[in-house]
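Colleague: I should like to learn how to read the features of a structural model with you. May we take them in turn?

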Amino acid sequence: MSHELTSLVRLLDLERVEQDIYRGDSREAVVPRVFGGQVAAQALVAACRTVPEGRLPHSLHAYFLRPGDPGAPIVYTVDRIRDGRSFTTRRVVAVQHGQPIFHLSGSFQTYEEGLEHQVPMPEAPDPGTLPTAEDMMPRYEELFRGSDVPQRLMKARAAVDLRYVREPPFASAGEPREPRSQVWFRTNGKLDGELDDPMLHICLATYVSDMTLLDSVLLAHGRGGWAVGDVVGASLDHAMWFHRPFRADEWLLYDQVSPTSQGGRGLGSGRIFTRDGRLAVSVIQEGVVRVPRDEKRSG
């Protein structure tokens, strides 16, 4: 397992402060606030630690309330809303500096047999044929708003091997195209032994799910995003449904599309498939997507 993945796993291993209260640290992000995928994953970890054995998350619904301070710990308080015969419900509030920054509601279920169907997996090239971040980033250095941006991006995503099927928004700024983006991803190393836990695989996928979901919104308008400096944005809410078992250390296809943007907000919808075509996760997120003020004035 890579050093970066080891560091991420430790980041998700929250400290227990008291009954149903946990504390987590933050890692450096590419923007001066806590990465949304981190706080969502940590909140889910906190909820998981209060759930009866054998129940896995089947859905989460969350709101990003305030920007998180990456220099301060985050305290997660879990409310045990309900423990039923088949389902468990938890609510988690993340607090920094005395104020809530994030709210998550999660539902858990014991496994049971049922009716099955799914949409087919979309076509996508084999991940082994696609460039890695190390191969791709140097090609676009002149496009970024700072010379350190490529290194910051690669450092922030170093625990994950993430490969774009087509050019990402920052590589095609100024050229609107179909509001759809695909990436293959897996953790940068295997999860063996005690780390080979279905809960951890789910929490790691939650972490990654916030990395690229609004890319499709940017593509529709030919915007490159924060790295290029032609958009100001942040996640507003996030919802996930976990359908079938998967491994975060094996290739997963993240197929993302934006059905609409309006009112300074953009909606992204994603589906995560295993390499053999099983629909594992569905994701929806709305985020702030604004034109910078200086561009508005010049327009």
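Colleague: Let us begin with helix α5: how many of its residues are buried?

Modeller: Please keep in mind that this is a predicted model. A residue counts as buried when its relative accessible area is under 20%. In α5, 11 of the 12 residues are buried, so the helix is mostly covered. The buried residues are M199, L200, H201, I202, C203, L204, A205, T206, Y207, V208 and S209.

Colleague: What span does α5 reach from its first C-alpha to its last?

Modeller: The usual reading sets the span against the one expected at 1.5 Å a residue. With 12 residues, α5 reaches 16 Å, close to the expected 16 Å.

Colleague: Which residue caps the N-terminal end of α5?

Modeller: D197 caps that end, with a side-chain oxygen 2.9 Å from the backbone nitrogen of M199.

Colleague: C203 belongs to the buried set of α5. How many disulfides does a search of the whole structure find?

Modeller: The criterion is a pair of cysteine sulfur atoms within 2.5 Å. The search finds 0 disulfides.

Colleague: Why does C203 form no bond with C48?

Modeller: The closest cysteine sulfur to that of C203 is in C48, and because it lies 4.4 Å away, it is too far for a bond. The converse also holds, as the closest cysteine sulfur to that of C48 is in C203. Both residues are buried: C203 has a relative accessibility of 2%, and C48 has a relative accessible area of 11%.

Colleague: Let us turn to pockets. Which elements give two or more residues to the lining of the second largest pocket?

Modeller: A pocket can be read by its volume, its lining and the elements that supply that lining. The second largest pocket holds about 880 Å³ of space. Its lining draws two or more residues from each of β3 (55-64), β6 (99-110), α5 (198-209) and β9 (232-242). The largest share, 4 residues, comes from β3.

Colleague: Which residues lie nearest the centre of this pocket, and how many line it?

Modeller: There are 28 lining residues, and Q109, Y111, F242, H243 and R244 lie nearest the centre. By class, the lining has 12 nonpolar, 9 polar and 7 charged residues.

Colleague: Where does H243 lie?

Modeller: H243 is in the loop between β9 and β10 (252-262). Its relative accessibility of 39% counts as partly exposed. H243 and H117 are 126 residues apart in sequence, yet their C-alpha atoms are 11 Å apart in space.

Colleague: How should I read backbone angles? What is the phi of D20?

Modeller: Most residues other than glycine have a negative phi, so a positive value merits a second look. Phi of D20 is near 65 degrees, a positive value. D20 is in the loop between β1 (15-18) and β2, and is buried, with a relative accessible area of 11%.

Colleague: And H97: is this residue buried or exposed?

Modeller: H97 is exposed, at 64% relative accessibility. This residue also has a positive phi, of about 50 degrees, and is placed in the loop between β5 (87-96) and β6.

Colleague: One last loop residue, S26: with which side chain does its side chain make a polar contact?

Modeller: The partner is the side chain of Q38, at 3.1 Å. S26 is in the loop between β2 (21-24) and α2 (36-48). At 18% relative accessibility, S26 counts as buried, because the limit is under 20%.

Notes: Residues numbered from 1 in each chain as written. Predicted model: local features only at pLDDT ≥ 70, side-chain atom pairs only at ≥ 80, totals over all residues. Heavy atoms only, no water. Buried < 20%, exposed > 50% of the residue type's maximum accessible area, 1.4 Å probe, protein only. 1 Å grid on protein atoms, 1.4 Å probe; cavity = no way out; pocket = protein on both sides within 12 Å on 5 of 7 lines; lining within 4 Å. Points joined across faces, edges and corners; volume = space filled by probe spheres on them. Nonpolar A, V, L, I, M, F, W, Y, C, P; charged D, E, K, R; others polar. Expected span 1.5 Å × (residues − 1). Polar contact = N/O pair within 3.5 Å; in protein donor to acceptor, adjacent residues only side chain to side chain.
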